[in-house]
Amino acid sequence: PIPLMAARRGADEMRDRVVLGEFGVRNVHTTDFPGNYPGYEDAWDQRRFEQAFRVDVIREEEDTLEFDMVGIDAAIANAFRRILLAEVPTMAVEKVFVYNNTSIVQDEILAHRLGLIPIRADPRLFEYRNQGDQEGTEIDTLQFQLKIKCKRNPQAAKESSDPDELYINHKVYSKHMTWVPLGNQTDLFPDADFRPVHDDILIALLRPGQEIDVLMHCVKGIGKDHAKFSPVATASYRLLPDITLLQPVEDEAAETLQKCFSPGVIEIQNINGKKVARVANARLDTFSREVFRHEGLKNLVRLARVRNHYIFSVESTGILPPDVLVSEAIKILMGKCQRFLNELDSVSME
Amino acid sequence: IQADGTDGNCVTFVLHDEDHTLGNSLRYMVMKNPDVEFCGYCITHPSESKINFRIQTRGALPAVEPFRKGLNDLIGVCQHVLNTFERSMKEFRAQK
């Protein structure tokens, strides 16, 4: 019985911990498929998955969301991350009609900069533009205008050299972009206020006599097509760290151990007059592996990560709140599967 | 989507306009099926967005069955994740 239990514990470790060794990482791939481990029930069971799965929201601010997903596999968590980055649609400037641009910034550079400005418009209210459609209808296009001219300020002091005082309108900000409703958009969106998310994005600099007069068309697109359509500043995940002390660590060694990890991970308690180290909060650690540089401490600690506990961090650009983005990403993955199911059904019926 | 294979049991599906996002998650769901002997996917060339998804079943089960089951299971997983996530967001906001 004892060797059996040790073997089972070893298998448990291989199945749900990714171990960080001194020179490499072990047990990286998911191995819990049916048939790999005798005595384990590995076939897919929706009920078991639902019992073990949970989502905990840790922190929510205006544009960032940090939440935990426990009980899911790397393949699916990664699929959500990829979809958040590249396949959730947004609206962004695509076509720029330049009527007059006498500024120092070239037309194409100006167009590129305008495209990257995030536009506060809910992409679910719009459709994709048809291929080859040059004009754009009111259901798929938002029109913006930027018309600004720089003049000399007649009230400036004689000897001043401060451009803010000397010139009027010499800095072109994103707040100068105005929405021009197309067709029946005023009726479709009566309370909507379409504008860039941030008002203080500097687009170009002008001097007296220079002017910019452009008309912009925004369309709906996805990040795979061009990065300007990506709705997140970034979306990432990490696995929950799991630090175990294989032997009790005392006194000086405990102090060194505490310094090896991020602050707050290891705490020192006073038991019977001796200082003993204890793992307080492994979640805070960033795993710099400083422990492995100390000969005495190397073998007393096991650094690992829990394989199915993902700490997601989603930061939105402000177009949609981050929890809406996550919900949309999950729905998009469902939509992809449904598309193939429909194709399968239509092919097998022939 | 195209299918190609010697008999009904080992089939290679060519999925167009897909990449690792769906490929890896679908591979995981199909591997969890105990009737599947082999399952894998590869991207033939990074410039073309299509994947070769191969399923081999043991026994006489036609390979389309695990494919269909994998897709259905993945939809079930997504639905449950969506419900749990929205419920957790509501609870978090309620107790803030």
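1. In strand β4 of chain B, the residue standing opposite Phe38(B) is Gln56(B). The two strands concerned are β3 (residues 36–43) and β4 (residues 50–57) of chain B, which run antiparallel and are joined by seven bridges. Together β3(B) and β4(B) make a hairpin, with six residues between them. This pairing, like everything else in this note, is read from a predicted model.

2. The hairpin may be set beside the record for chain B. UniProt, in an unreviewed entry, lists "domain: DNA-directed RNA polymerase RBP11-like dimerisation" at residues 10–83 of chain B. That span is 43% helix and 31% strand, and its end C-alpha atoms lie 36 Å apart.

3. For chain A, an unreviewed UniProt entry gives "domain: DNA-directed RNA polymerase RpoA/D/Rpb3-type" at residues 64–343. Helix accounts for 22% of these residues of chain A and strand for 35%, with 37 Å between the end C-alpha atoms. The domain assignment divides chain A in another way: domain 1 comprises 1–85 + 235–246 + 300–312, and domain 2 comprises 90–229. A distance of 46 Å separates the C-alpha centres of domain 1 and domain 2 of chain A.

4. Chain A contains an open sheet of four strands, ordered β5-β14-β7-β11, with antiparallel pairing. Its edge strands are β5 (90–101) and β11 (178–180) of chain A, each of which pairs on one side only. On average, neighbouring strands of this sheet are turned by 30° against each other, direction ignored. Strand β7 (residues 142–149) of chain A is linked to β11(A) by three bridges, and the two run antiparallel. Within this pairing, Thr178(A) in β11(A) is the bridge partner of Gln145(A).

5. A helix accompanies this sheet. Helix α4 (residues 107–116) of chain A lies across β5, β7 and β14 (211–221) of chain A, and runs at about 150° to β5(A).

6. Over all chains, the structure holds 28 salt bridges. One of them is formed by the side chains of Glu211(A) and Lys149(A), at 3.6 Å from N to O. Because Glu211(A) belongs to strand β14 of chain A and Lys149(A) to strand β7 of chain A, the pair ties together parts that are 62 residues apart in sequence. Lys149(A) is partly exposed, with a relative accessibility of 39%.

7. A salt bridge within a single helix is also present: the side chains of Glu328(A) and Lys331(A) meet at 3.7 Å, N to O. Both residues lie in helix α8 (residues 322–349) of chain A, three residues apart, which is about one turn of the helix. How do the two partners stand in terms of burial? Glu328(A) has a relative accessible area of 14% and is buried, whereas Lys331(A), at 39%, is partly exposed.

8. Which residues carry a salt bridge from one chain to the other? The side chains of Glu18(B) and Lys336(A) meet in a salt bridge of 3.6 Å, N to O. Glu18(B) is in the loop between β2 (10–16) and α1 (20–31) of chain B, and Lys336(A) is in helix α8 of chain A, so the pair joins two chains. Glu18(B) and Lys336(A) are both buried. Elsewhere, salt bridges with shared partners connect Arg59(A), Glu61(A), Glu66(A), Asp68(A) and Arg283(A) in one network.

9. Val55(A), in strand β3 (residues 54–60) of chain A, merits a separate point. This residue is buried, with a relative accessible area of 4%. Neighbours within four places in sequence aside, Val55(A) is in contact with Phe67(A), Asp68(A) and Met69(A), and also with Thr84(B), Phe85(B) and Ser88(B). By contrast, 23 Å separates the C-alpha atoms of Val55(A) and His29(A), which are 26 residues apart along the chain.

10. Two backbone angles should be inspected. Arg289(A) is not a glycine, yet has a positive phi of about 60°. Arg289(A) is placed in the loop between β17 (274–279) and β18 (301–316) of chain A, and is partly exposed, with a relative accessible area of 26%. In chain B, Asp17(B) likewise has a positive phi, near 60°, and is a residue other than glycine. The location of Asp17(B) is the loop between β2 and α1 of chain B, the loop that also holds Glu18(B).

Methods
Residues numbered from 1 in each chain as written. Chains lettered and ligands numbered in written order. Predicted model: local features only at pLDDT ≥ 70, side-chain atom pairs only at ≥ 80, totals over all residues. Heavy atoms only, no water. UniProt positions renumbered as here; feature names shortened; annotations may be inferred. Pairing = 2+ DSSP bridges. Axes fitted to C-alpha atoms, helices over the stretch in contact; angles between N-to-C directions. Contact = heavy atoms within 4.5 Å. Domains from an automatic or database assignment. Salt bridge = Lys/Arg side-chain N within 4 Å of Asp/Glu carboxyl O. Buried < 20%, exposed > 50% of the residue type's maximum accessible area, 1.4 Å probe, protein only.
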